Amino acid sequence: MASFTLQGIPVSRGITIGRAHLLRPAAMDVKHYLIAQEQVEAEVERLQQAIARVQLDLQSIWAELPTDAPTELGAFLDVHALILSDPMVSEMPLDIIRTRHYNAEWALVTQVDALSAQFDEIEDEYLRERKADIQQVAERVLKILTGSAHQIPRALGVDERNANMIVVAKDISPADMMQFRDVAFTGFVTDEGGTNSHTAIVSRSLGIPAVVGLGNASHLIMQDDWLIIDSDAGVVIVAPSPLLIAQYRNEQAVLLKARKKLGKLKKTPAITLDGVEVTLLANIELPEDAHAALEAGASGVGLFRSEFLFMGRTGAEHQLPSEEEQFLAYQRAVQSMKGKPVTIRTLDVGADKPLDHSEHNILNPALGLRAIRYCLKEPQIFLTQLRAILRASAFGTVHILIPMIAHAFEIDQSLAMIEQAKDGLRGEGIAFDEAVQVGAMIEIPAAALSLPMFVKKLDFLSIGTNDLIQYTLAIDRADHEVAHLYNDTHPAILQLLHMTVSAAEKADIPVAICGGMAGDIKLTRLLIGMGFRELSMPAALLPEIKQEILGTNISALESSIKKILRTYDPHSIQELLIGVREQVFVPQS
């Protein structure tokens, strides 16, 4: 077989070499036929039994989770169980059977397709990819209905075929991942997915190389093909030559040695060679992620996305999490961090991701009623969340982060709502931190260009570089037609970052970066050279970013950084950045 290379999205780090194991999905293109009236209830019962079987399977997988399993797996299994019990999945297909006389498979796929279409309209990349949760749950039910449910065979021993197994699939669900726990798998390759897919999140937490979004890899790769995954470059090499395998084995050995060395830096402060300390924080999506952040050596949580509590909520009785439910989730994260700060971003939903999908029909959702705009329009939802966050602040250090602010009145109204929540808790005798800090996300160009009104009223700033780049360059990262124009070192972006860090320094308030740029090691020296002293990123990236900081002399970079900020030619900027990255510093005696 001739060797060929596939290019996808790199979502973790490292190199792995092994044999392909194809994980075939249940076909979503199921049989479609109408049933007679007298068959309706029997068909309803068939679907109900399949759903109940999957519920039991998920419970069994959860009960058998090993103690060293990533916390993300258990959390995702919980999400799948919740989706399966949601009326939109468990009851609406039954209504379709009864009203349209569809067979069970057709009814389930019809409903899942309708729900998936709603998720396709979501602007936020993380939430948009949660469509995969619904589809993966449906896949498991379909496997029961069609009799195609299977178990992945356990490895009976170590041989050439199973010693280094690389899973190749259209997509991989958390439950499917658990079937590999007794098999020596070393990598993931998927047709679908992005930086926030389950495969991406779990592979990062496990430290396993993975490349996603390859399009049709599961059709091009054959069972037992030799594969090389270079997840730094986002490359999968199929049927490599023995010479190429030997070359990559050498590179793999070097990387493994470096990773072991990085593990020793967990308790080492991130201090540059010239004595400047940089605070490294973790981004989390779930309360359970806080433990992994602490284990990775994070100095706190720089961004806790609260949207996960509101995901998959449909139907009046399932729409909103209660104050108590939110409080318990925030409390778990805060207590897990053992006194280190946890920055909780308030709800970022609306327009493209409404809580009730029937409420909005926005032509340009990215510019619509989202984040703080939505929360101020729905003050009861906002107040409930603020009360829950404040209650959690009694158990550790909590910071409140408000997203998408662009106007002075949004700052004033947000602060007023926080005071209202505090007054209510005081009146009820409920404890909270009276001095809880409040900050704003700088992710709209208007915010970066009007910083004086932010620094006068708020305790800290946090730059969301993903949205800032998207809005500044008018680029939808999810649109493949223009994705090549997404440039985090565009001169305009660098100027906005410089303006923000300078304004925060002048006002003597902290400013962090919690977007994708913070976790890009190629930009670490640029950011700390510009003056940023707080970087927040996925926990798995912390060790290598820390190592980069430990080997940097900021004062020696000053002239290079000034030159970059004075440059407006993209090619010249890239050349200067390479020089900054490759510069070697001698430790001061």
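Leu280 in strand E9 has Leu535 of strand E16 as its bridge partner. E9 covers residues 279–284 and E16 covers residues 534–538, and the two pair in the parallel sense over five bridges. Two strands count as paired if DSSP finds at least two bridges between them. Helices (H or I, at least four residues) and strands (E, at least two) are DSSP runs, numbered from the N terminus. What you're looking at is a predicted model: local features need pLDDT of at least 70, side-chain atom pairs count only at pLDDT 80 or more, and totals for chains, interfaces and linings use all residues. Residues are numbered from 1 along each chain as its sequence is written, and side-chain values use heavy atoms, with hydrogens and water left out.

**Around the barrel**

E16 also pairs with strand E15 (residues 511–513), in the parallel sense over two bridges. There, Ile513 stands opposite Leu535 in E16. Helix H21 (residues 524–530) joins in, making a right-handed β-α-β unit with E15 and E16. Right-handed here means that, with the strands pointing away from you, the path from the first strand over the helix to the second runs clockwise.

Now zoom out. These strands belong to a closed barrel of eight strands, which runs E9-E10-E11-E12-E13-E14-E15-E16 with parallel pairing. Neighbouring strands of this sheet are turned by 30° against each other on average, direction ignored. For such angles, axes are lines fitted to C-alpha atoms (for helices over the stretch in contact), and angles run from 0 to 180 degrees between N-to-C directions.

**One strand up close: E12**

Is strand E12 (residues 398–402) mostly covered or mostly open? Covered: five of its five residues are buried. Buried means under 20% relative accessible area, exposed over 50%, and partly exposed in between (1.4 Å probe, protein chains only). In a regular strand the side chains alternate between the two faces of the sheet. In E12, Val398, Ile400 and Ile402 point one way, while His399 and Leu401 point the other way.

E12 has a partner on each side: four bridges join it to strand E11 (residues 342–345), running parallel, and four bridges join it to strand E13 (residues 437–442), also parallel. To get from E12 to E13, the chain crosses through helix H16 (residues 408–428), and this β-α-β crossover is right-handed. Here are some residue pairs from these strands.

| Residue | Opposite residue | Strand of the opposite residue |
|---|---|---|
| Val342 | Val398 | E12 |
| Ile400 | Val438 | E13 |
| Leu401 | Gly439 | E13 |

**A buried asparagine**

Back in strand E9, you'll find Asn283. Why does Asn283 count as buried? Because its relative accessibility is 10%. Leaving aside its neighbours within four places in sequence, Asn283 is in contact (heavy atoms within 4.5 Å) with Gly302, Leu303, Arg305, Cys514, Ser536, Met537 and Pro538. The C-alpha atoms of Asn283 and Ala293 are separated by 8.1 Å, and these residues are 10 residues apart along the chain.

**Two helices that cross**

The axes of helix H13 (residues 323–336) and helix H15 (residues 379–392) come within 8 Å and cross at roughly 35°. The residues making the contact include Phe327 and Tyr330 of H13 and Ala388 and Ile389 of H15.

**The other sheet**

There's also an open sheet of eight strands, in the order E1-E8-E7-E3-E4-E5-E6-E2, with mixed pairing. Its edge strands, which pair on one side only, are E1 (4–7) and E2 (9–10). Within this sheet, strand E7 (residues 226–230) and strand E8 (residues 235–238) pair in the antiparallel sense over four bridges. One example is Ile228, whose bridge partner in E8 is Ile237. Helix H11 (residues 242–263) lies across strand E3 (15–23), E7 and E8, running at about 115° to E3.

**The whole chain**

How many helices and strands does the protein chain have? There are 24 helices and 16 strands. Of its 589 residues, 54% count as buried. Among contacts with a separation of 6 or more, residues 24 or more positions apart account for 70%. The accessible surface of the protein chain comes to about 25300 Å², and 54% of that surface belongs to carbon and sulfur atoms. Accessible areas come from the Shrake-Rupley method with a 1.4 Å probe; for residues, only the protein chains shown count as cover.
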